[in-house]
Amino acid sequence: IIAPAAANTISRRSIMDEHVSQDAGIVALLANFADIVIANFLWIITAIPIFTLGASTAALYSVLRAPRENQYASSIFVKYFTAFAKNFKKTTLIFLLLLLPAAFVAYNIYLLVFGLLADNILGYILCCFSIVLFFFLWVYVFPLAATFENRIFKTIANGLMLSVAHFPTTLAILILWSIPVLVLVFFTNFFFRTIIIWLFVVFALIAKANAFLLERVFRRYIP
């Protein structure tokens with residue numbers, strides 16, 4: 001039989017343990033959020049030269065896909081730049097190879113926006129198809145390069161195949177990234193008034209969601 005005093009002590013300890021556990025959960029959540037924001041900030045900075053966009057995207061995915069370890073937040077910098085340096089050569093070559101189709105896609109978007117294909121149904125369909133296919137590839141190719149050791153053209157081919165094979169995931173990712181684009185187009189003033197929040201919070205959360213979705217796909221192909 002437990003004495004009343006002992007029972008009260010156990011009850012107080014149980015309540016304290018519960019509070020400590022809740023506080024630890026909140027701290028972990030805030031730490032994870034801080035890591036996401038820091039990684040997104042590093043992506044913005046390292047992508048400024050444009051030609052480093054591939055390496056920056058691969059590094060961002062490498063950091064966001066991994067669970068947070070019990071380390072100081074500065075380790076995010078170490079992880080990011082380690083992944084950036086590791087994937088720099090391959091992802092930069094992929095980015096340069098994609099410049100030609102990117103220019104073609106930009107031209108197709110120009111044709112669509114200004115209605116220059118209104119009387120050409122086949123051209124309209126092919127134009128839309130090329131744009132969709134390019135963005136399908138863009139979603140997968142740099143995270144693939146950060147995850148699997150393959151030759152450049154094999155990585156590009158795998159990106160196309162996976163984007164089609166896992167169409168629901170691809171569509172979910174494209175919908176997520178379309179949110180800021182739609183806000184920019186239809187609510188331009190609001191977007192620019194809250195640009196800091198979009199750059200450092202919303203984009204970071206979208207990137208984390210994308211990393212989660214892509215990791216679910218890639219996990220099926222990891223031995």
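## The buried side of H4

In this predicted model, helix H4 has three buried residues to look for: Val 105, Asn 108 and Leu 111. They sit on the same side of H4, because they cover an arc of only 115° around the axis. A general rule helps here: an α-helix has 3.6 residues a turn, so residues three or four places apart point the same way.

What do the buried residues of H4 pack against? Their partner is helix H5, which runs through residues 121-147.

## The length of H4 and what follows

H4 itself covers residues 99-113, 15 residues in total. From its first C-alpha to its last it reaches 21 Å, close to the 21 Å expected at 1.5 Å a residue. After H4 comes Gly 115, and its phi is positive, near 65°.

## A positive phi at Ile 50

Gly 115 has a companion of sorts elsewhere in the chain. Ile 50 also has a positive phi, about 75°, although Ile 50 is not a glycine. To find Ile 50, follow helix H1 (4-46) to its end and look in the loop before helix H2 (53-65).

Is Ile 50 buried or exposed? Its relative accessible area is 53%, and since the cut-off for exposed is over 50%, Ile 50 counts as exposed.

## A nonpolar patch on the surface

Further along the chain, you can pick out a nonpolar surface patch of about 820 Å². Its members are Val 181, Leu 182, Leu 184, Val 185, Phe 186, Phe 187, Phe 190 and Phe 192. Two helices, H7 (167-186) and H8 (188-193), each supply at least two of these residues. Which helix gives the most to the patch? That is H7, with five residues.

Phe 187 is worth a look too, as this patch member lies in the loop between H7 and H8. Phe 187 counts as exposed because its relative accessibility is 53%.

## The chain as a whole

Now step back to the full chain. It holds nine helices and zero strands, so reading along the sequence gives the pattern α-α-α-α-α-α-α-α-α. Of the 223 residues in the chain, 35% are buried.

How do distant parts of the sequence meet? Take the contacts between residues at least 6 apart in sequence: 72% of them join residues at least 24 apart. As for the surface, the chain exposes about 13,900 Å², with carbon and sulfur atoms supplying 74% of that area.

Conventions
Residues numbered from 1 in each chain as written. Predicted model: local features only at pLDDT ≥ 70, side-chain atom pairs only at ≥ 80, totals over all residues. Heavy atoms only, no water. Patch = residues over 30% accessible without salt bridge, like charges linked within 9 Å, V, L, I, M, F, W, Y side chains within 5 Å. Areas by Shrake-Rupley, 256 points an atom, 1.4 Å probe, with all protein chains shown as cover. Salt bridge = Lys/Arg side-chain N within 4 Å of Asp/Glu carboxyl O. Helix = DSSP H or I, 4+ residues; strand = E, 2+ residues; numbered from the N terminus. Buried < 20%, exposed > 50% of the residue type's maximum accessible area, 1.4 Å probe, protein only. Expected span 1.5 Å × (residues − 1). Arc of directions from axis to C-beta. Contact = heavy atoms within 4.5 Å.
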